[in-house]
Amino acid sequence: MSADATQPTPYPDINAVLNLLLTNVQAILGDRFVGLYLYGSLASGDFDPQRSDIDFVVVTATELPNELMPALAAMHAQLAASDLPWAKKLEGSYIPQGALRRYAPTDPPRPQVNEGRFYLAAHESDWIIQRQILREQGILVTGPDLATMIDPVQPNAVRQAVVEILAAWWAPMLDNATRLQSREYQAYAVLSMCRALYTLQHGSVASKSSSARWAQTTLHQHWAALIERAVAWPHDPQPDNVAETLAFIRYTLAYVTVPPG
């Protein structure tokens, strides 16, 4: 998906932050800069101004040298401290063009940004899913076509990534539900389970809203009200749903061996 580099999204405040990010990144990286792209909810059609982040990836020509890290860290800290709306919601990473082509769990840690915090970390298995979103739905701010830089992501690779995420992130919540005390996180969990179930069945990634609609028509009616409340968050009355949310996570984990019904 292409876009005007000055107006990559329908949201003027977001475009202002992205254009400032682009200008600063190009100034720091120079000829190491290849492109800037958006993925996540802005690309998949799930964007909600009340709860979404701005997911981005900066593609570089080569691995970035350590001496550039302080300048990048300072730039992101300055952005987060600015008065620009959305500056604190930037979440993304830097990756060399060669490494973008396919996921390799042995790749070294690379620069990451999460709401103003700059650090080095390796991409985990969810990067398989994000690469598919980038390749198929990613928003080009500036740079080469993503389809020329990312190999097709096979359905079983996407399914396996979901299995790993469910095991590593969601299964532990069955024993420690602290995160689920937040009503917002309950809604996020339910929609994430809908998306996981959709991907496990189809081998492709759909938006959370599309996955929720699919789940409401495909899964047992027992889950319909829970999913509807998650879709409606935070606009409709939101009773506490910790127990039901945990049950839905448990149900989704069971799908790895038993199809839904």
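Reader: Why is tryptophan 86 called buried?
Author: This is a predicted model, and in it tryptophan 86 has a relative accessible area of 18%. The label buried goes to anything under 20%, so tryptophan 86, at 18%, counts as buried.

Reader: Where does tryptophan 86 sit, and what is its phi?
Author: Tryptophan 86 is in the loop between helix 3 (69-81) and strand 3 (90-96). Its phi is positive, about 80°, although it is not a glycine.

Reader: What makes a positive phi worth pointing out?
Author: Most residues other than glycine have a negative phi, so a positive one gets a mention. Glutamate 115 is another case: its phi is positive at about 50°, and it isn't a glycine either. You'll find glutamate 115 in the loop between strand 4 (110-114) and strand 5 (117-121).

Reader: How do you know which burial class glutamate 115 belongs to?
Author: Glutamate 115 has 40% relative accessibility. Buried needs under 20% and exposed needs over 50%, so with 40% glutamate 115 ends up partly exposed.

Reader: And glutamine 7, what makes its class what it is?
Author: The reasoning runs along similar lines. Glutamine 7 comes out at 46% relative accessibility, so it counts as partly exposed, given that exposed starts over 50%. Glutamine 7 lies in the segment before helix 1 (12-29). Its C-alpha is 8.5 Å from that of asparagine 19, with the two positions 12 residues apart in sequence.

Reader: What class does isoleucine 165 get, and why?
Author: Isoleucine 165 has a relative accessible area of 23%, so it is partly exposed; the buried label stops at values under 20%. Isoleucine 165 belongs to helix 6 (residues 155-170). Leaving aside residues up to four places away in sequence, isoleucine 165 touches Ser125, Asp126, Ile129 and Trp170. The C-alpha atom of serine 204, 39 residues away along the chain, is 15 Å from that of isoleucine 165.

Reader: Ile129 belongs to helix 5, I think. How do you know the length of helix 5 fits its residue count?
Author: Helix 5 (residues 126-137) has 12 residues, and at 1.5 Å a residue these should span 16 Å. The end C-alpha atoms are 16 Å apart, so the two values agree. As for burial in helix 5, Trp127, Ile128, Ile129, Gln130, Arg131, Gln132, Ile133 and Leu134 are buried.

Reader: Over to helix 7. Why is helix 7 called roughly parallel to helix 10?
Author: The axes of helix 7 (residues 183-202) and helix 10 (residues 242-255) come within 10 Å and cross at roughly 15°. Angles under 35 degrees count as roughly parallel, so that is what the pair gets called. Their crossing is left-handed. Helix 7 contributes Gln186, Ala189, Val190, Met193, Cys194, Ala196, Leu197, Leu200 and Gln201, and helix 10 contributes Val242, Thr245, Phe248, Ile249, Tyr251, Thr252 and Tyr255. By class, the residues in this contact are 12 nonpolar, four polar and no charged.

Reader: Gln186 is in that list. Why is glutamine 186 called buried?
Author: Glutamine 186 has a relative accessible area of 0%, and anything under 20% is buried, so the label follows. From its place in helix 7, glutamine 186 touches Leu180, Gln181, Pro239, Asp240, Asn241, Val242 and Thr245, not counting residues up to four places away in sequence.

Reader: What makes helix 6 roughly antiparallel to helix 7?
Author: Their axes come within 9 Å and cross at roughly 150°. Over 145 degrees counts as roughly antiparallel, so helix 6 and helix 7 get that name. This crossing is left-handed. On the helix 6 side are Val158, Arg159, Val162, Val163, Leu166, Trp169 and Trp170; they meet Tyr185, Tyr188, Ala189, Ser192, Met193, Ala196, Thr199, Leu200, Gln201 and His202 in helix 7. The contact has 12 nonpolar, four polar and one charged residue.

Reader: At what angle do helix 7 and helix 9 pack, and which residues make the contact?
Author: Helix 7 and helix 9 (residues 224-232) pack at about 115°, with axes 9 Å apart, and the crossing is left-handed. Arg183, Ala187, Val190, Leu191 and Cys194 of helix 7 make the contact with Leu226, Ile227, Arg229, Ala230 and Val231 of helix 9. By class that contact has eight nonpolar, no polar and two charged residues.

Notes
Residues are numbered from 1 along each chain as its sequence is written. This is a predicted model: local features need pLDDT of at least 70, side-chain atom pairs count only at pLDDT 80 or more; totals for chains, interfaces and linings use all residues. Side-chain values use heavy atoms; hydrogens and water are left out. Axes are lines fitted to C-alpha atoms, for helices over the stretch in contact, and angles run from 0 to 180 degrees between N-to-C directions. Helices (H or I, at least four residues) and strands (E, at least two) are DSSP runs, numbered from the N terminus. Angles under 35 degrees count as roughly parallel, over 145 as roughly antiparallel, 65 to 115 as roughly perpendicular and the rest as oblique. A crossing is left-handed if the near helix is turned anticlockwise from the far one by less than a right angle, and right-handed if clockwise. Contact means heavy atoms within 4.5 Å. Ala, Val, Leu, Ile, Met, Phe, Trp, Tyr, Cys and Pro count as nonpolar, Asp, Glu, Lys and Arg as charged, and the others, Gly among them, as polar. The expected span of a helix is 1.5 Å times one less than its number of residues. Buried means under 20% relative accessible area, exposed over 50%, partly exposed in between (1.4 Å probe, protein chains only).
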